[in-house]
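Here are a few friendly notes to help you find your way around. Please keep the structure open as you read.

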Amino acid sequence: MLRRFFGFSVVIIAALGCSRDDTASARTRNGAHGPDDGVPPRPSVITPANQPYKVVPVVGGGAITGTIDLEGSPPVAAIIRPTVDQGVCGNSIVEKNLTLSGTRIGGAIVWLTDIRSGKALPLERRFELNNSNCMLDPYVQAIATGGTLNVGNDDRLVHTNRFINVGTGKIAGIAPFNDDGEVVPLDGFSEPAEIEVVSDKHPWTRAWIAVLDHPYYAQTAANGTFTIDAIPPGKYRVRAWHPALGFTDDSVTVLAGQQVTAAFRIRPSATTAPTPFRQPPTDSGRAAVVTPINPAASTTPASSSTPKTIGPPPPR
């Protein structure tokens with residue numbers, strides 16, 4: 001279906017006016033989080049840079065290639081029981097946010113956390129996020145600062161997606177829709193940040209975005225492999241992260257003109273996996289799922305893993 005681009009600017013929190021309380025601890029009068037206000041800040045896997053990234057010629061650049069594996073048992077899949085819009089969402093949704101090939105993790109983000117100079121960012125900086133069957137696709141992705149995120153809608157429903165800066169609690173943007181096939185171009189990601197994407201009407205819906213101000217990042221293929229190239233020689237800190245599991249860090253020394261291999265292992269942990277924003281129920285969706293979901297169903301779940309049911313039981 002052809003997509004129709006909106007001719008209006010996407011709402012950015014900075015444009016909401018000086019009369020609003022835009023701090024991370026903003027509340028409505030009754031103590032709940034207002035839909036346009038900030039939320040409490042949470043630990044973020046991405047912190048603001050201590051100095052700007054500079055583009056410089058890279059002579060004798062090296063590369064990091066490697067794998068990311070799951071250590072331990074995969075998270076148990078969650079079954080969501082929608083109580084609104086079942087005609088589109090269905091009566092149950094099994095989360096499939098984690099792709100595993102054996103122990104290899106697909107879709108994880110890997111990046112150099114301390115690099116401040118090197119090759120230029122890619123010229124093409126358009127990225128996509130899509131509402132489909134009351135879920136968001138992709139579940140996790142990395143985008144470059146200064147890029148445009150095209151937020152689409154394939155559902156015959158009105159979705160409103162909110163983009164929350166995890167580290168500050170501020171809302172980075174709002175993408176509203178009128179009908180299926182609409183696309184909202186979202187700008188304003190100007191600094192490194194971990195962004196959580198939520199849906200106003202469907203509180204089980206989640207997506208995660210790593211916003212980075214340099215080009216030294218990659219997303220693992222389905223077989224858990226990645227490559228980052230044209231790296232200036234030196235020693236770097238490298239982070240591997242998947243929102244369903246958590247993150248792990250290591251240091252890697254890159255030699256001129258050579259390729260170094262790195263093997264990361266992520267153990268699921270409540271202390272390293274993100275804490276989802278808890279959205280207050282609305283009148284139209286009060287019975288919908290609002291409990292934070294154990295994110296992640298493997299595409300090949302272990303036979304001993306029994307899906308957990310989230311939300312009210314199905315009708316008899």
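1. Which side chains meet in a salt bridge at 3.3 Å, N to O? In this predicted model, they are those of aspartate 85 and lysine 201. Aspartate 85 sits in the loop between β4 and α1 (86-89), while lysine 201 belongs to the loop between β17 (193-199) and β18 (206-212). The pair therefore ties together parts that are 116 residues apart in sequence. Lysine 201 has a relative accessible area of 30%, so it counts as partly exposed.

2. Next, have a look at arginine 206 and glutamate 196. These two form a salt bridge whose closest N and O atoms are 2.9 Å apart. The pair links strand β18, home of arginine 206, with strand β17, where glutamate 196 lies, and the two are 10 residues apart. Arginine 206 is buried, at 13% relative accessible area, and glutamate 196 is buried too, at 0%. Through salt bridges that share partners, Arg42, Glu196 and Arg206 are joined into one network.

3. Another pair to find is arginine 265 with glutamate 71, a salt bridge with its closest N and O atoms 3.9 Å apart. Here arginine 265 is in strand β23 (residues 259-266), and glutamate 71 is in the loop between β3 (62-70) and β4 (78-80). The two residues are 194 residues apart, so this pair links distant parts of the chain. Arginine 265 is partly exposed at 45% relative accessibility, and glutamate 71 is also partly exposed, at 28%.

4. To place these pairs in context, the count for the model comes to 10 salt bridges.

Key
Residues numbered from 1 in each chain as written. Predicted model: local features only at pLDDT ≥ 70, side-chain atom pairs only at ≥ 80, totals over all residues. Heavy atoms only, no water. Salt bridge = Lys/Arg side-chain N within 4 Å of Asp/Glu carboxyl O. Helix = DSSP H or I, 4+ residues; strand = E, 2+ residues; numbered from the N terminus. Buried < 20%, exposed > 50% of the residue type's maximum accessible area, 1.4 Å probe, protein only.
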